[in-house]
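Colleague: Got a minute to go through this one with me? I'd like to start with the pocket.

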Amino acid sequence: MSSGAGAADVTATILSVTESYGLPHTEVDVIYTSISVSCHRGTEALPITSIRVVRQRSLDYTRLADVEHLVRNLGPIEEAHARLEDIVNAKHPYPRWVATAAWGGMAAAVAFLVGGGLVLALTAAAITAVVDRVGRVLNRRNLPFFFQQLVGGALGTGAALAIYSTGLLPVRPSLLVAVGIVVLLSGLALVSTVQDAISGYNVTAAGRTVETVLLSAGLIAGVALAIRAAVHFGLDIRLSDPLPALISAVPMQFAAGAATSAFFALACYAKPRALVAAAVSGAIGTAAYGLMTSLGLDALLSSAVAAAITGFGGATLTRRLRIPTLVVVQAGVVPLLPGWTTYRGLFQLTAEGDPAGLSTLVFASGIALALAGGVVFGEYLAQPVRTGLGRLERKFAGPRMSGPLKPSRRRLE
């Protein structure tokens, strides 16, 4: 739960463990901040109940994959406890500076994705690395994530506008700001939020929604604050021309989409095999989006179709590779996040005073929901064709993004 898995995945994982160890009639209740498990022991004995509180959250895909592997290959209870303790207390597989470099590499890849050149990519990477290190310092001081997003949005946007005002940036700063927005949006749990809502875990979905909206509001406030300050000081930050269709430079966009997803997975501490799968997913999603736009579909429908293809491909392939589906599909839709549209809406509201900016922001939110919903729908379509469909998956009406599909291979005592 703390690594981003949905409530249905958490419930299925618990049921797999309890069934493997022979616990009868286990009830599981998962909400956003706590997990309750109760084992009924008949009419003569009282049930045994255990509660765990989710105290902190961070995207650590290595830990998520290790827990899934542990549950899939359970052994004696003492050994399983020891292995779980090692997973929980293990350090990240890469040094922290690698994650910072990965965020910078992701920003550079997104810069190429939106049509920027080498200078824009290097500038975006440098600004993103600084924002990440500042966020790390603020996190150590337990600053709430809302303010961390606000500082990140203001710092990234302010740096882009300041560099442009010096004449060192050869293009309009809008592309650079859009890149920063994509990076800051990528850490939000959009896929898990929609997954919980579709699976019927409404309380958890509501909790995730509130958190996502709050963090997005912090980002929007930071960007708007920087834009307003630039207008106050008289900087010329007019919007550049609309972005070209992604299909206009197929080889570059294909490579940039793959690099964006791979760097995002690396920043979230995914294992090497997952990095390759994430790169393939990002390339497929970007290519599908470009193809849909070339056929005349608008951004909303193109995003939904591309995300559905990404979810379908990720769900059918990751189980064979022993990789959590969530790792691949979430990385696969990162290149399609609406950074440019978000910036345009904020610019219209803040710099131009145009109320149409509100509808632009609503459209950006619609694209984000289309991406998350498309991924979940694609995973749902993959259920009938995926091999090894087990009893645990048939218990859930909604899709599954991580955790086992069936109990352990043998009953354990």
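Colleague: What is the lining of the largest pocket made of, by nonpolar, polar and charged residues?

Modeller: This is a predicted model. The lining divides into 25 nonpolar, 12 polar and nine charged residues.

Colleague: What volume does the largest pocket have?

Modeller: About 1,900 Å³. Of the 46 lining residues, Ile 35, Arg 52, Val 67, Leu 84 and Val 88 are the closest to the centre.

Colleague: Which element gives the largest share of that lining?

Modeller: H3, with seven residues.

Colleague: Switching to charges. How many salt bridges are there in the whole structure?

Modeller: Five. In one of them, Asp 66 meets Lys 271 at 2.6 Å, N to O. Asp 66 lies in helix H2 and Lys 271 in the loop between H10 and H11, so the pair ties together parts 205 residues apart in sequence.

Colleague: Is Asp 66 buried or exposed?

Modeller: Partly exposed, at 23% relative accessibility. Lys 271 is also partly exposed, at 36%.

Colleague: And which residue does Arg 208 meet in a salt bridge?

Modeller: Asp 196, again at 2.6 Å. Arg 208 is in helix H9 and Asp 196 in helix H8, 12 residues apart. Arg 208 counts as buried at 3% relative accessibility. Asp 196 is buried too, at 0%.

Colleague: Now the surface. Which residues make the nonpolar patch?

Modeller: Val 276, Val 280, Ile 284 and Ile 309, over about 320 Å². Helix H11 gives the most, with three residues.

Colleague: Where is Val 280?

Modeller: In helix H11. Val 280 counts as partly exposed, at 44% relative accessibility.

Terms used: Residues numbered from 1 in each chain as written. Predicted model: local features only at pLDDT ≥ 70, side-chain atom pairs only at ≥ 80, totals over all residues. Heavy atoms only, no water. 1 Å grid on protein atoms, 1.4 Å probe; cavity = no way out; pocket = protein on both sides within 12 Å on 5 of 7 lines; lining within 4 Å. Points joined across faces, edges and corners; volume = space filled by probe spheres on them. Helix = DSSP H or I, 4+ residues; strand = E, 2+ residues; numbered from the N terminus. Nonpolar A, V, L, I, M, F, W, Y, C, P; charged D, E, K, R; others polar. Patch = residues over 30% accessible without salt bridge, like charges linked within 9 Å, V, L, I, M, F, W, Y side chains within 5 Å. Areas by Shrake-Rupley, 256 points an atom, 1.4 Å probe, with all protein chains shown as cover. Salt bridge = Lys/Arg side-chain N within 4 Å of Asp/Glu carboxyl O. Buried < 20%, exposed > 50% of the residue type's maximum accessible area, 1.4 Å probe, protein only.
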